[in-house]
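User: Please go through this structure with me, one point at a time. Keep the reasoning short and finish each reply on what was asked.

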Amino acid sequence: MRRECTVKVREGNDVATIEVLGDLTASAEKAIDAAYEEASGYNSKNILLKFDGKSRINSAGIAIVINLVIAGQESERKVFITGVSKHFRKIFELVGLTKYTTIVESEEEVGKS
């Protein structure tokens, strides 16, 4: 069953967190883009893309994550990802995403990698 995606942004110690609740599909692209713009306004050098651990991510969702990581690199920000299942960790490795981002177990690990 598909869960509608909602996105929240918050600022922490040198990290802007984009929380993704629900399934990341093409319908979430505008919300993710707006969240990235908001997160960029905090001037944090790190951005954390935090999934709720139950999120499903289809191919369009993977493209959204890739675009977010590229945007981070272009603005000299490091993008971290947390809350993804082992399955999606493996997919991110297979598509080469882990060469450009770091998957962490918790928010506390951001900036330590």
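User: With which residue does R89 form a salt bridge?

Analyst: This is a predicted model. The closest N and O atoms of the R89 pair are 2.6 Å apart, and the cut-off for a salt bridge is 4 Å. R89 lies in helix α3, while its partner is in the segment after β5, 16 residues apart. The partner is E105.

User: Is R89 buried, partly exposed or exposed, and what about E105?

Analyst: Buried requires under 20% relative accessible area and exposed over 50%. R89 has 22% relative accessibility, so it counts as partly exposed. E105 has 58%, so it counts as exposed.

User: How far apart in sequence are the parts that R10 and E107 tie together?

Analyst: R10 forms a salt bridge with E107, with 2.8 Å between the closest N and O atoms. R10 lies in strand β1 (residues 6–11) and E107 in the segment after β5. The parts tied together are therefore separated in sequence by 97 residues.

User: Which residue of strand β3 forms a salt bridge with E107?

Analyst: The closest N and O atoms of this pair are 2.7 Å apart. Because one partner lies in strand β3 and E107 in the segment after β5, the pair ties together parts that are 57 residues apart in sequence. The strand residue is partly exposed, with a relative accessible area of 24%. It is K50.

User: Which residues are joined into one network by salt bridges that share partners?

Analyst: E107 forms a salt bridge with R10 and another with K50. E107 itself is partly exposed, at 25% relative accessible area. The network consists of R10, E19, K50 and E107.

User: How many residues of strand β3 are buried?

Analyst: Strand β3 (residues 46–51) pairs in the parallel sense with β2 (residues 15–21) over 6 bridges. With strand β4 (residues 78–82), β3 also pairs in the parallel sense, over 5 bridges. Strand β3 is largely enclosed by the rest of the structure, because the buried residues number 5 of the 6.

User: Through which helix does the chain cross from β3 to β4?

Analyst: The bridge partner of L49 in β4 is I81, and that of I47 is V79. The β-α-β crossover between the two strands is right-handed. The chain passes through residues 59–74, which form helix α2.

User: What is the handedness of the crossover from β4 to β5?

Analyst: Strands β4 and β5 (residues 102–103) run parallel and are joined by 2 bridges. F80 stands opposite T102 in β5. The chain crosses from β4 through α3 to β5, and this β-α-β crossover is right-handed.

User: Which element gives the most residues to the largest nonpolar core?

Analyst: This core has 27 residues, and those with the most contacts inside it are I18, F51, V65, I81 and F92. Two or more residues come from each of β2, α1, β3, α2, β4 and α3. The largest contribution, 5 residues, comes from α2.

User: Which residue of α3 (86–94) does I81 touch?

Analyst: Not counting residues up to four places away in sequence, I81 touches residues including L48, L49, F51 and V65. Helix α3 covers 86–94. Within that range, the residue touched by I81 is F92.

User: How many residues make up the other core, the one among whose members are V15 and F80?

Analyst: V15 has N46 as its bridge partner in β3. F80 stands opposite T102 in β5. Both V15 and F80 belong to a core that lies apart from the largest one, with V104 and V110 also among its members, and its size is 5 residues.

Notes. Residues numbered from 1 in each chain as written. Predicted model: local features only at pLDDT ≥ 70, side-chain atom pairs only at ≥ 80, totals over all residues. Heavy atoms only, no water. Buried < 20%, exposed > 50% of the residue type's maximum accessible area, 1.4 Å probe, protein only. Helix = DSSP H or I, 4+ residues; strand = E, 2+ residues; numbered from the N terminus. Pairing = 2+ DSSP bridges. Right-handed = clockwise from strand over helix to strand, strands pointing away. Core = buried A, V, L, I, M, F, W, Y, C linked by side-chain atoms within 4.5 Å. Contact = heavy atoms within 4.5 Å. Salt bridge = Lys/Arg side-chain N within 4 Å of Asp/Glu carboxyl O.
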